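Biologist: I'm new to this one, could you walk me through it piece by piece?
Modeller: Gladly, let me put it up.

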Amino acid sequence: MSAATATVRDACFDLMRAEGLTTIFSNPGSTEIPFLVDLPEDIQFVLALHEGSVVGIAAGHALGSGSPAFVLLHTTAGFGNAVGAIATARVNRAPMVVVVGQQDRRHLALEPFLAGRLAGLAGDYPLEVISPVIAADVPSAIRRAIHLARQERGPVIVIVPMDDWDEPADPTATAAASHSISAPRGIPTELENVVTALRGAAAPAIIAGSGNDNEAGWAALVQLAESLHAPVWQEAFGSRAGFPQDHPLFRGSLPADRPRVREALNGHDVLLVVGTAALRQYPYKPGSLVPNGMRVFVLTADASEANRSPAELSIIGDPAALCSFISTQVGVRSPLPAVQKSDHVKRHAQSYQLDPPTADEPLRAAHVFQLLAERLPIETTVVEESPSSRPALEALIPARRPFGFLSAAMGGLGFAMPAAIGLKMAQPDRPVIGIIGDGSSMYSIQSLWTAANLGVGVVFIVLNNGGYAVMNRLADQRGGAAPWPSFGRVSVSAIAAGLGVEALKIDGYSDLVSVLDRIAPSLAGRQEALVLEVIVTPDVLFLP
C-alpha cells in the first residue's frame, strides 16, 4: 500500500511489526471492530473470555519473553473488568501496551452509547495514559507507549477512538523516537558507603527481592553472600525469587510482620536489601521495622522502591552490577563450617514435610508439594496462587533456577492461571505448572478456554479445600465467626472439562503419585493443558 493511501491502522501494524509486537491479546467489542476486521495474517490474535484473563495472559507472556505485550480492550466495560489485572501487572513489572477502544471521535461530545470516561479508570496503576489529540498521532502514541513499557516495566494505556483507525496516516506527524535506549548508570561513588558498612559489619544479612530474579542477579548475589557468609532471606510475598532457594545460605521467606522480622534479624548489624523495598509487610504490628541499631541499605532498579524505604541509603541501579562491584571490594570472610551452612535449608523443609497419609487420612497441600518436589524438572516455573499453603510450597519446592517461581505481587486473585498460560506461550519449551487454590481458580477459570483453544501445555494443580481457607484463618485470628459459607460443591474439574481442558479429580495419595509419575517426564514438551483437581483438607495455620 502506498504511503498516500495508508491508514492509521496500517501505520500501527507496521510499527508493531518493527517492535516485535505481533500478538494481540484481547476480548474485543464493537469499538475495536475497525482495527480487527481482516487482520493481517502475520498478526496473531489471542482471545480470552474475560478481560482480567486477557491481561493476565499478556502479563505472563511479557514476563516470559522479556518484551512488551500488546493488549486490546473494549471501552469502559472491558477496561473496567481489566483494572485489577492491570494493577497486578504494574506491581509485577510486566511491560505491556494496553490499547483501549473509544466511541467515534466525531460525536464524543454527545456522549453516545459506549462512550467511556476512560482516562482515570485505572487510577495511578498505568505508567501513563495517552489520549492522542488527533488520529494521525495514534501511531506515535503507541510507539511512545512501547518505549515506556519497555523502559519502566509496566502497563501503558493508549485510548483510541474507533474512527481513528480509518483516517489517513501522516508520516510527518511522527512524535516518537524510532529507538529509545536507556544507557547504564554505572557505579555511583556513594556505593563505597555500602562497601564500608559491609566490610565493617560483624554479622551482615541480606534480603533478596523479585527485582533480582535473573541469571546475572542470582550470580552476583550468590557471590556477595558467599563472600560475606551472610544469610539470605527472600522478601515477604515476593512475586519472584531473587536468590537460589536451595543455596546453603538461604533462610526462607522473611516473615511479614515486624515482631517476627526483628526476631529473624536479631544478632545482625547491617542489612542489605537487593531488588526490592525495605521491607514488605502484611499485618500491621507495632514497633520498629528492624532490630534497634541495624543499618539498612537498599539496592534496586525501581525508584519508587528506593524512595519509600526507611534506609540509611538507597541506590537506584542494576542490582547485579552493584552487587558485583561490592563483592570485588569487601573481600572474603573466613569460611564457616560446612554443617553450619547447610543445616538450615534442610530444617526449613523438614518443618513442613509429612508422612504419606494412611488410608483414612485426607491429603494435605504439603503432601502434594512433596511429591512435586521429587518429580519436577529443575527448570520448571511454578506459578503460585494458593495463599493458605504458600509457606509450605516455598519450603518444599524451592526455586532452583531464575524464573523458577512466579506469583502475583499485588496479592489479588486471578493472576496465576492466565499468567501461566501466557508464560508457556512465550517459552513453549519450559515446564510450567500452576498451583492454585479452588477459590483462586474461580477468578479466571475462563482462561482455560484459551489454553485449550491454542494448545498451551500448562499443568494446573488446583487444591480444592472447599472454601476460602485464608479468610477462615484470619477470622479465627480475629476471634470471631466468619459469615461466608464454604463452597465444597464447586467442581473445578467439571468446569475445566466444560471449557475443553482435560481434567482429573484426585482425592487419594496413590492416585496422585500415579498421575504425577505419568506427566512429570513430559512437562516441557506438553502441548495440551491439564487440570488436576486435588481434594485436600484445609491448612489450620496461616502465618505468612
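Modeller: This is a predicted model, and a good place to begin is helix H7 (residues 215–228), which lies across E7, E8 and E10 and runs at about 160° to E7.

Biologist: What order do the strands of that open sheet come in, and how are they paired?
Modeller: The open sheet has 6 strands in the order E9-E8-E7-E10-E11-E12, and the pairing is parallel. At its edges are strand E9 (250–253) and strand E12 (313–316), each of which pairs on one side only. Going from one strand to the next, the twist averages 20°.

Biologist: Which other helix packs on the sheet?
Modeller: Helix H6 (residues 191–200) packs there, touching strand E7 (204–208), strand E10 (270–274), strand E11 (295–300) and E12, and its direction makes about 135° with that of E11.

Biologist: And at the E9 edge, how many bridges does E8 share with E9?
Modeller: Strand E8 (residues 232–234) and E9 pair in the parallel sense over 2 bridges. If you want a residue to look at, Val232 has Phe250 in E9 as its bridge partner.

Biologist: Back to H6. At what angle does it pack against H10?
Modeller: H6 and helix H10 (residues 319–330) pack at an angle of about 50°, with their axes 10 Å apart. The two helices are therefore oblique to each other, and H6 passes H10 in a right-handed crossing.

Biologist: Which residues make that contact?
Modeller: On the H6 side they are Leu191, Val194, Val195, Leu198 and Arg199, while H10 brings Leu322, Phe325, Ile326, Gln329 and Val330. Sorted by class, the contact of H6 with H10 has 8 nonpolar, 1 polar and 1 charged residues.

Biologist: Let's move further along the chain. What is the strand order in the open sheet that includes E14?
Modeller: That open sheet is formed by 6 strands in the order E14-E13-E15-E16-E18-E17, with parallel pairing. Its edge strands are strand E14 (405–407) and strand E17 (502–506), and each of these pairs on one side only. The twist from one strand to the next averages 20°.

Biologist: How many bridges join E16 to E18?
Modeller: There are 6 bridges between strand E16 (residues 459–464) and strand E18 (residues 530–535), which run parallel. Along that pairing, Val459 stands opposite Leu530 in E18.

Biologist: Which strands does H14 lie across?
Modeller: H14 lies across strand E13 (381–385), strand E15 (432–437) and E16, and its direction runs at about 160° to E13.

Biologist: How far apart are the axes of H14 and H16?
Modeller: Helix H14 (residues 416–426) and helix H16 (residues 447–454) have their axes 8 Å apart, and they pack at an angle of about 25°. That angle makes H14 roughly parallel to H16, and the crossing of the two is left-handed.

Biologist: Which side chains should I click on there?
Modeller: For H14, look at Met417, Pro418, Ile421 and Met425, which meet Ser447, Leu448, Ala451 and Leu454 in H16. By class, this contact of H14 with H16 has 7 nonpolar, 1 polar and no charged residues.

Biologist: New topic. How many salt bridges does a search of the whole structure find?
Modeller: The search finds 16 salt bridges. One to look at is between Asp163 and Arg106, where the closest N and O atoms are 3.8 Å apart. This pair links distant parts of the chain, 57 residues apart: Asp163 is in the loop between strand E6 (155–161) and H6, whereas Arg106 is in the loop between strand E4 (96–102) and strand E5 (129–130).

Biologist: Now the backbone. Which peptide bond is cis, with omega near -20°?
Modeller: It is the bond from Ala278 to Leu279, and Leu279 has its place in the loop between E10 and E11.

Biologist: What about phi of Arg93 and of Phe237, positive or negative?
Modeller: Arg93 has phi near 60°, a positive value in a residue other than glycine, and Arg93 is found in the loop between helix H4 (75–91) and E4. Phe237 also has a positive phi, near 55°, and is likewise not a glycine; you can locate Phe237 in the loop between E8 and E9.

How values were computed: Residues are numbered from 1 along each chain as its sequence is written. This is a predicted model: local features need pLDDT of at least 70, side-chain atom pairs count only at pLDDT 80 or more; totals for chains, interfaces and linings use all residues. Side-chain values use heavy atoms; hydrogens and water are left out. Axes are lines fitted to C-alpha atoms, for helices over the stretch in contact, and angles run from 0 to 180 degrees between N-to-C directions. Helices (H or I, at least four residues) and strands (E, at least two) are DSSP runs, numbered from the N terminus. Angles under 35 degrees count as roughly parallel, over 145 as roughly antiparallel, 65 to 115 as roughly perpendicular and the rest as oblique. A crossing is left-handed if the near helix is turned anticlockwise from the far one by less than a right angle, and right-handed if clockwise. Contact means heavy atoms within 4.5 Å. Ala, Val, Leu, Ile, Met, Phe, Trp, Tyr, Cys and Pro count as nonpolar, Asp, Glu, Lys and Arg as charged, and the others, Gly among them, as polar. Two strands pair if DSSP finds at least two bridges between them. A salt bridge is a side-chain nitrogen of Lys or Arg within 4 Å of a carboxyl oxygen of Asp or Glu.
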